[in-house]
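Colleague: Could you take a close look at one part of this model for me? I would like to start from a single residue and then see how the surroundings fit together.

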Amino acid sequence: MAHEPQHEQHYHDAANVTNPEHASHHIVTPRVYAAVFATLLACTALTVFAADINLGVFNPIIALAIASFKGVIVILFFMHVKYQSRLIKVTVGAGFFMFLVLVTMTLSDYISRAWGLW
Amino acid sequence: MHSAIANPQADQAQQHEHVSLPQHRHHFATPEQQREAGSFGMWLFLLTEIMFFGGLFFAYLLFRNWYYDAFVTASNQLSVPLGAVNTAILITSGFFMALAVWAAEVRKKNLLVLFLVLTTLLGFAFLGIKADEYHEKYEKHHIPGASFDTSQFINPAAYGLSEKPLAPDAAQKTQLFFFLYFAMTGMHALHMVLGLGILFWLMIRAQRGDFSSGYVAPIENFGLYWHFVDIVWIFLFPLLYLINRHPLAH
């Protein structure tokens, strides 16, 4: 890779790199972390409490809804995704979406193999 | 190009004198680009972890549906108070890890080391409680394999339990629940053990001052890993401990 001197200069000039997607490094404050922490503890208490009540088919649904909410606030705040570039946000979203696609496809296969014998 | 590979240090010294930070790698144009590439790579790794744990979660979903009564009975052997306390411990550990990232960002070395130590201590507390739960399963012969004992599930009344008795063949299926329980919580615990090992390395480097001069990436990326392991547990706790408390009659 032979560069002309000027080209070399140009190519490696940090100021020349524009990255419009990238927000400047955002420092999440301890206050935000504390609020998320309190919410996570409250949700843990809530899910234990909800498990004691007989809600029939809604027991697992409520437990998973609370767990998903907890997971989302961990991802957004503890893992800083709320403050990251669009590239990172789409990457994270794509990962979970891909997992849901795989679950849906596998479940459709399972459900349709012996109809009624689930 | 060949000279760059053979002697990157000399190459860097000759051509990139504007690079001031020692951690700034030669192939990134700016520190910001390097940081973003690091986060991106870490997230790609975590996506493979979602798929890995996702497979186990899916196996649990299907087999619970298949052997529902066995899964309900076996699941109710787990202690909800221990699981809940462990959830709180892990969330607190994650909170201190988040604070450690903040301490590195605002360049407070002593606070950073303190938060890393607290993260580690709570990680060990979690594993301690987990070990106690595993030991109880060992004593009751509820570890799948040759010495697995189904008598408690066939005749729960004799053990003072109010569970519905299972037929001997159905009682054998409780092994599948415990297999998945040990596989899922065991893989989760293995991730924590590896994380604790990395935490010691980070503590030593943090004490040396490596992460309190604007270089936050290792702390930040380890934080992503630690929080991911938290999220796995956030789902394991309700699925293994909570959702089978009120079995559906069918």
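**From one proline outwards**

Modeller: Leaving aside residues up to four places away in sequence, B:Pro218 touches B:Leu202 and B:Phe211, where contact means heavy atoms within 4.5 Å. Before going on, please keep in mind that this is a predicted model, in which local features need pLDDT of at least 70, side-chain atom pairs count only at pLDDT 80 or more, and totals for chains, interfaces and linings use all residues, while side-chain values use heavy atoms, with hydrogens and water left out. Residues are numbered from 1 along each chain as its sequence is written, and chains are lettered from A and ligands numbered from 1 in the order in which they are written.

B:Pro218 sits in helix 10 of chain B; helices (H or I, at least four residues) and strands (E, at least two) are DSSP runs numbered from the N terminus. Is B:Pro218 buried or exposed? With a relative accessible area of 17%, B:Pro218 is buried, because buried means under 20% relative accessible area, exposed over 50%, and partly exposed in between (1.4 Å probe, protein chains only). Along the chain, B:Ser39 is 179 residues from B:Pro218, yet their C-alpha atoms are separated by 9.8 Å.

Helix 10 of chain B also leads us to the largest pocket, which has a volume of about 1,200 Å³. The elements that give two or more residues to the lining of this pocket are helix 3 and helix 4 (86–113) of chain A, along with helix 3 (31–66) and helix 10 (217–242) of chain B. The lining is made up of 44 residues, and those closest to the centre of the pocket are A:Leu64, A:Ser68, A:Phe99, B:Phe235 and B:Leu239. By class, the lining of the largest pocket holds 33 nonpolar, nine polar and two charged residues. Here Ala, Val, Leu, Ile, Met, Phe, Trp, Tyr, Cys and Pro count as nonpolar, Asp, Glu, Lys and Arg as charged, and the others, Gly among them, as polar.

A word on how such spaces are found. Rolling a probe the size of a water molecule over the atoms shows where empty space is left. On a 1 Å grid over the protein atoms alone, a cavity is a set of points where a 1.4 Å probe fits but cannot get out, and a pocket is an open set with protein on both sides within 12 Å along at least five of seven lines; lining residues have an atom within 4 Å of a point. Grid points are joined across faces, edges and corners, and the volume is the space filled by probe spheres set on the points.

Two of the helices that line the pocket are worth a closer look. In helix 3 of chain B we find B:Glu49. Beyond its sequence neighbours up to four places away, B:Glu49 touches B:Gly54, B:His191, B:Tyr225 and B:Phe228. B:Glu49 is buried yet has no salt bridge, and the nearest side chain of opposite charge, B:Lys130, is 17 Å away. For charge, Lys and Arg count as positive and Asp and Glu as negative, while His and the chain ends are not counted. A salt bridge is a side-chain nitrogen of Lys or Arg within 4 Å of a carboxyl oxygen of Asp or Glu.

Helix 4 of chain A carries A:Phe96. A:Phe96 is partly exposed, at 33% relative accessible area, and touches A:Ile75 and B:Ile50, again not counting residues up to four places away in sequence. In helix 4 of chain A there are also A:Asp109 and A:Arg113, four residues apart, about one turn of the helix. Their side chains meet in a salt bridge (3.0 Å, N to O). A:Asp109 is partly exposed at 35% relative accessibility, whereas A:Arg113 is exposed at 66%.

Finally, helix 3 of chain A helps to line another space. The second largest cavity contains about 50 Å³, and the elements that give two or more residues to its lining are helix 2 (30–52) and helix 3 (58–78) of chain A. Both chains take part, with A:Thr47, A:Ala63, B:Leu242 and B:Ile243 among the lining residues. The lining of the second largest cavity divides into six nonpolar, two polar and no charged residues. A:Thr47, in helix 2 of chain A, is buried at 5% relative accessibility. Outside the four-place window in sequence, A:Thr47 touches A:Ala63, A:Ile66, B:Phe237 and B:Leu242.
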